[in-house]
Amino acid sequence: MKLIALLLGLSTLVNAQSLLKDAVSFRLGASVNPRMLVENEAYRNIASNEFTSLTAENHMKMMLIHPAADRFDFTKGDEIVAFAAKTGKRMHGHTLVWHNQVPQWMKDFQGDQKAWEEMLKNHIQAVVTRYKGQVSGWDVVNESFLDDGSLRPSLWADHIPDYIAKSFQWAHEADPNALLFYNDYGQDGHPKKMQAILDLVADLKKRKIPIHGLGLQMHINVDSKRTEISRVMEQSAQTGLAIHFSELDIAVNPKNNPEYSYEASAQNELFAFVFKEYRVIPAKQQYGITFWNVSDKDTWLRGYFKRPKEYPLLFDDKYAKKSGYTSLTNALKTPN
């Protein structure tokens with residue numbers, strides 16, 4: 001009896017120590033904040049031990065990495081890349097071209113189309129060249145379509161016709177070995193947006209413009225429709241490109257109820273659904289799944305939506321594993 005008890009105890013201990021990254025055959029990632037990597041030991045330990053891929057949450061975006069026309073600031077990007085290298089992680093770059101977080105000098109830029117193209121080309125190629133051989137893949141262009149499938153009005157669309165294709169070409173010239181992604185959100189529930197992305201992929205392929213992957217951000221919530229998520233996954237995989245669930249979080253309080261009390265079951269089930277569906281994608285197309293930051297305490301959803309009672313990730317405010325972590329790890333040990 002003592003031996004059985006001991007074996008059961010050992011089994012429980014091994015199970016308790018099971019890591020989610022070991023239950024998947026693809027890269028498991030998180031976006032990270034370099035300040036937190038330095039200042040918060042619990043955050044740093046999770047980033048180091050729980051993931052096999054890292055993304056810069058904000059510090060490779062235009063506003064922070066290129067604050068003035070004559071100055072780049074690679075300091076924080078370098079810190080994340082160094083941390084990834086030191087801990088044996090793949091590094092994913094985010095993002096080269098976006099309509100948000102653009103520095104004021106770019107907004108004030110004056111010139112003809114050629115001048116605008118040279119400005120954007122210089123930005124893309126300076127950043128990609130800086131991290132050549134260190135960053136495996138880039139979100140080259142981010143969120144270029146509206147829900148109705150039309151091209152989003154932006155600084156880039158206004159001044160550079162065909163800026164998406166040109167951005168991919170410029171990035172490829174700077175690092176021919178980097179995988180280049182188009183990244184967007186909300187494809188589930190917005191079929192016209194999804195179709196616009198598929199049309200973009202087909203057009204770039206036809207013109208032999210290098211594109212290697214699609215980033216599906218997967219900022220979803222407990223009310224998201226599984227049939228629509230599955231449809232988007234299937235349509236994306238049919239392109240033959242690498243598929244990255246690039247910014248995963250599952251909101252539990254999308255209506256911002258101030259009296260909300262956290263309940264895990266629906267979220268846990270949806271995490272398991274997303275991961276199991278991802279495993280259906282052909283293995284050669286599985287670039288990985290990346291959570292958008294590490295813990296509930298660090299989520300962008302609380303600040304951006306002024307939603308303090310939001311708990312969208314697998315680690316809680318004290319950096320402890322939530323029930324979803326264990327249930328997801330166990331679910332992935334069984335076949336679909």
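## Close-up views of a predicted model

**Figure 1. Helix α7 meets helix α9.** Helix α7 (residues 113–130) and helix α9 (residues 163–174) have axes that come within 9 Å and cross at roughly 40°. That angle makes α7 oblique to α9. The crossing of α7 past α9 is right-handed. Like everything in these panels, this pair comes from a predicted model. On the α7 side, look for Q113, E117, L120, K121, I124, Q125, V128 and T129, which meet K166, S167, W170, A171, E173 and A174 of α9. Sorted by character, the residues of this contact are six nonpolar, four polar and four charged. If you are wondering how to read such a view, two packed helices are described by the angle between their axes and the distance between the axes.

**Figure 2. L120, on the α7 side of the contact.** Here we zoom in on L120, a residue of helix α7. Is L120 buried or exposed? Its relative accessibility is 0%, so L120 counts as buried. Setting aside neighbours within four places in sequence, L120 is in contact with M62, V97, W156, I160, S167 and W170. Two of these partners, S167 and W170, belong to the α9 side of the helix pair. For a sense of scale, the C-alpha atoms of L120 and E143 are separated by 17 Å, with the two positions 23 residues apart along the chain counted as their separation.

**Figure 3. S167, on the α9 side of the contact.** Now we turn to S167, which sits in helix α9. With a relative accessible area of 0%, S167 is buried. Which residues surround S167, leaving aside its neighbours within four places in sequence? They are V97, L120, I124, V140 and V141. Among them, L120 and I124 are α7 residues that take part in the helix contact. V97 is also a contact of L120, and V97 closes the residue range of strand β3 (residues 90–97).

**Figure 4. Strand β8 and its parallel partners.** Strand β8 spans residues 242–251 and is mostly covered, with 10 of its 10 residues buried. Strand β6 (residues 213–216) runs parallel to β8, and four bridges join the two. To find your bearings in this pairing, look for L216, whose bridge partner in β8 is F245. Strand β7 (residues 219–221) also pairs with β8 in the parallel sense, this time over three bridges. Here the landmark is N221, which stands opposite A251 in β8. When tracing side chains in a view like this, it helps to remember that in a regular strand they alternate between the two faces of the sheet.

**Figure 5. Helix α12 meets helix α14.** A further helix pair brings together α12 (residues 265–278) and α14 (residues 323–331), whose axes come within 9 Å and cross at roughly 35°. The crossing of α12 past α14 is right-handed. Which residues meet in this contact of α12 and α14? From α12 come N268, F271, A272, F275 and K276, while α14 brings S323, G324, S327, L328 and A331. By character, the residues of the contact divide into five nonpolar, four polar and one charged.

**Figure 6. A157 in helix α8.** The short view here is centred on A157, found in helix α8 (residues 155–159). A157 counts as partly exposed because its relative accessibility is 24%. Beyond its neighbours within four places in sequence, A157 is in contact with L151, R152 and Y163. The C-alpha atoms of A157 and H99 are separated by 9.3 Å, although the two residues are 58 residues apart along the chain.

**Figure 7. Backbone details worth a second look.** Start at the peptide bond that joins H94 and T95: this bond is cis, with omega about -15°. T95 belongs to strand β3. Next comes Q101, a residue other than glycine whose phi is positive, near 50°. Q101 is placed in the loop between β3 and α6 (104–107), and its relative accessible area of 23% makes Q101 partly exposed. Where does E143 lie? E143 is in the loop between β4 (137–142) and α8. E143 is not a glycine either, yet its phi is positive at about 60°. With a relative accessible area of 10%, E143 is buried.

Terms used: Residues numbered from 1 in each chain as written. Predicted model: local features only at pLDDT ≥ 70, side-chain atom pairs only at ≥ 80, totals over all residues. Heavy atoms only, no water. Axes fitted to C-alpha atoms, helices over the stretch in contact; angles between N-to-C directions. Parallel < 35°, antiparallel > 145°, perpendicular 65-115°, else oblique. Left-handed = near helix turned anticlockwise from the far one by under 90°. Contact = heavy atoms within 4.5 Å. Nonpolar A, V, L, I, M, F, W, Y, C, P; charged D, E, K, R; others polar. Buried < 20%, exposed > 50% of the residue type's maximum accessible area, 1.4 Å probe, protein only. Pairing = 2+ DSSP bridges.
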